[in-house]
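User: I'm new to this one and keep tripping over the labels. Walk me through how each of them is earned, please.

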Amino acid sequence: MTSYTVLNPATEQPVSTVPGTSSEETDAAIARAEVAQRAWRSVAPGDRASLLRAFAAQVDAHAEELARLEVENSGHPVGAARWEAGQVRDVLQYYAAAPERLIGKQIPVAGGLNVTFAEPLGVVGLIVPWNFPMPILSWGMAPALAAGNTVVAKPAEMTPLTAMRIGELALEAGLPEHVFQVLPGKGSVVGQRLVHHPAVRKIVFTGSTEVGQQIMAGCAKQVKRLTLELGGKSANIVFADADIERAAATAPYAVFDNAGQDCCARSRILVGDPTLADTEMGPLISASHRANVAKYVPDGAPVAFRGSAPAGPGYWFPPTVLAPIGSGAPAYTDEIFGPVVTVTPFEDEADAIEIANDTPYGLSGSIWTSNIGRAIRVARAVETGNLSVNSHSSVRYWTPFGGFKQSGLGRELGPDALDAFTETKNVFISTQE
Ligand code: TAP
């Protein structure tokens, strides 16, 4: 087994040395998960629920430790990291209620009846990006486990530490061995193996559209189930009749939260005058990502506002607002995944909708208006999976989440999430003598 060093993006100092899982080790983990699943699916629903509640309690008891670990590994501000650890606990608790509600249907038919069962899929492979290592892990892990699947999770190579600790907490909470395994390592090694191994019956992938397309092609070879949560380029549409002060006060959070490394970042503000409030944020994840973000603000770019960033070590990038730029400019079209936002004026409602939809992505967005009819009209017309009206936030684990167009496939979260982690078995029972 090789190993690699994980860096703190705020200091550029080493945090920990982590094993880089090989292809063969991934195969062995999948084999263990396959065996463990036969027993896990047979655990009585109430007992599976109790174990998930115990897992949630264990995460809660170690929430501060997890938060501190995330601060070191991902550079998230501690307040954000505490919220993220709490999210893992809450998501586990929410889906702990699911095993006892996994019921089928009975359908009367001529000569008998059909009954359906929601069967677990088997081994689920979970591939997680680096921007929200804990929440995104929990969104796949909790419903998959609740449905009776075992999970092999691959955190992003740069941010594996909290996922690895959550794997230990699962065992400490009493989950049987190999029901939930975490394999740190490379996407091109561990991720690829999860996609291509026939015993993995579903992939839950969150990451870039580019890698998502490769994963979809890989899964097609085995007709493997797949959830894709991909990139975004979301609009924050501010109408003149909105509470402009509120819209302006939250606009920075809508795009600069997590230093803009947010798939739901509203990185196009459609409005008249930009207003920016001060915001606190951490560094970007790596030097190469910072170089990538910087390309969107070349010399001579029409910078309307630029915040400050700490000098010295760390991959910091100042929050940056660009004045109107052409619709062909990369900052306008690409997912920047950093704290850079463009501001674009629009003429009327139809124009705002057209600009908002002028992107291959469709993940998120916000609408600011005091006209409820307009809010609903525009929400129906914008081609995107998650919208908020007079708010900058649209992600809640108890409501469905997922993207339209090239932002994804399938829905995570919400009360129906277990549909994505089970398959329906349909059995005819004859009542003939
Ligand atoms: P990616 O580069 O796509 O990586 C995501 C994960 O896939 C990482 O664990 C990565 O491993 C792994 N991976 C890379 N190549 C792979 C392959 N060929 N086969 C299997 N796995 C592979 O994304 P990222 O840069 O970490 O994250 C940023 C992107 O994620 C943005 O586009 C963002 O919008 C999107 N995102 C979407 C959402 C939702 S919910 N829609 C949420 C968060 C982020 P390595 O660590 O080795 O690269």
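Analyst: Let's begin with a definition: two strands count as paired if DSSP finds at least two bridges between them. Bear in mind that this is a predicted model.

User: What makes S3 and S4 a pair?

Analyst: The cut-off is at least two bridges. Strand S3 (residues 106-109) and strand S4 (residues 112-120) have four bridges and run in the antiparallel sense, so they pass the test. You can spot the partners yourself: Ile107 stands opposite Asn114 in S4, and Pro108 faces Leu113 of S4. The hairpin of S3 and S4 has two residues between the strands, and there Gly111 takes a positive phi near 80°.

User: How do you know that S4 pairs with S20, and in which sense?

Analyst: Nine bridges link S4 to strand S20 (residues 422-430), in the antiparallel sense. At least two are needed, so this counts as a pair too. One example is Pro120, whose bridge partner in S20 is Thr422.

User: What makes S1 and S2 a pair, and how many residues lie in their hairpin between the strands?

Analyst: Strand S1 (residues 2-7) and strand S2 (residues 14-20) run antiparallel and are joined by six bridges, so the cut-off of at least two is met. Val6 has Ser16 as its bridge partner in S2. Their hairpin has six residues between the strands, with Glu12 at a positive phi near 65°.

User: Why is the pairing in the six-strand open sheet called mixed, and which strands are at its edges?

Analyst: The order of that sheet is S7-S6-S5-S8-S9-S19, and its pairing is mixed. Strand S7 (180-182) and strand S19 (408-409) are the edges: each has a single partner strand, so one side of each lacks a neighbour in the sheet. As for the word "mixed", strands can pair either parallel or antiparallel, through backbone hydrogen bonds. One parallel case here is S8 with strand S9 (residues 225-229), joined by five bridges. Within it, Val204 has Thr227 in S9 as its bridge partner.

User: What makes a ligand contact a polar one, and which residues have one?

Analyst: The pair of N or O atoms must be within 3.5 Å. In the side chain of Lys154, an N or O atom is 3.1 Å from a ligand oxygen. Ser208 brings a polar side-chain atom to 2.7 Å from an oxygen of the ligand. For Leu230, a backbone N or O atom lies 2.8 Å from a ligand nitrogen. With distances under the cut-off, these contacts qualify, so the name fits. The protein covers 87% of the 920 Å² of accessible area that the ligand has on its own.

User: Where does the ligand sit, and what surrounds the ligand?

Analyst: The ligand sits in the largest pocket. Helix H7 (187-196), strand S8 (200-206) and helix H8 (209-220) are the elements giving two or more residues to its shell. There are 29 residues around the ligand, with Val128, Glu157, Gly187, Ser208 and Glu335 the closest. Sorted by class, the shell holds 15 nonpolar, nine polar and five charged residues.

Terms used: Residues numbered from 1 in each chain as written. Predicted model: local features only at pLDDT ≥ 70, side-chain atom pairs only at ≥ 80, totals over all residues. Heavy atoms only, no water. Near = heavy atom within 4 Å. Polar contact = N/O pair within 3.5 Å; in protein donor to acceptor, adjacent residues only side chain to side chain. Areas by Shrake-Rupley, 256 points an atom, 1.4 Å probe, with all protein chains shown as cover. 1 Å grid on protein atoms, 1.4 Å probe; cavity = no way out; pocket = protein on both sides within 12 Å on 5 of 7 lines; lining within 4 Å. Sits in = over half its atoms within 2 Å of the grid points. Nonpolar A, V, L, I, M, F, W, Y, C, P; charged D, E, K, R; others polar.
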